[in-house]
Amino acid sequence: MDITAVSSALSALSAYGPYATGSLGQAVSIEMLDQTMEMNEAMNTQLIQMMEQSVTPHLGGNVDIRI
């Protein structure tokens, strides 16, 4: 989402009255919150997968090196 475009759109609508920008500003805020929540949900899923993989602590603990 392009923040500068949203900002310029909000400033352009401010000429039409305070009610026009309020509803658009609220809609933009809700959409940004929705995107942030989706991103957090994806990150939490990845974190859970990483934690599940770390349940076997004996893996990767030994290194066999021969010269």
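Does Met50 count as buried or exposed, and what is its relative accessibility? The points below address this residue and its surroundings in the predicted model.

1. Overall composition. The protein contains two helices and zero strands. One of these helices is α2, which covers residues 18-53.

2. Burial and surface. Of the 67 residues in the protein, 4% are buried. The accessible surface amounts to about 6100 Å², and carbon and sulfur atoms account for 61% of that surface.

3. Met50. This residue is found in helix α2. Met50 counts as exposed because its relative accessibility is 54%, and the cut-off for that class is over 50%.

4. Nonpolar patch. Met50 belongs to a nonpolar patch on the surface, which it forms with Leu47 and Met51. Together, the three residues Leu47, Met50 and Met51 have about 320 Å² of accessible area.

5. Negative patch. A second group of surface residues deserves separate mention: Glu31, Asp34, Glu38 and Glu41 form a negative patch. Asp34, one of its members, lies in helix α2.

6. Asp34. With a relative accessibility of 35%, Asp34 counts as partly exposed, because this class lies between the buried limit of under 20% and the exposed limit of over 50%.

7. Summary for the reader. Helix α2 holds both Met50 and Asp34. Met50 takes part in the nonpolar patch, whereas Asp34 takes part in the negative one.

Terms used:
Residues numbered from 1 in each chain as written. Predicted model: local features only at pLDDT ≥ 70, side-chain atom pairs only at ≥ 80, totals over all residues. Heavy atoms only, no water. Patch = residues over 30% accessible without salt bridge, like charges linked within 9 Å, V, L, I, M, F, W, Y side chains within 5 Å. Areas by Shrake-Rupley, 256 points an atom, 1.4 Å probe, with all protein chains shown as cover. Salt bridge = Lys/Arg side-chain N within 4 Å of Asp/Glu carboxyl O. Lys, Arg positive; Asp, Glu negative; His and termini not counted. Charge placed at Lys NZ, Arg CZ, Asp CG, Glu CD. Helix = DSSP H or I, 4+ residues; strand = E, 2+ residues; numbered from the N terminus. Buried < 20%, exposed > 50% of the residue type's maximum accessible area, 1.4 Å probe, protein only.
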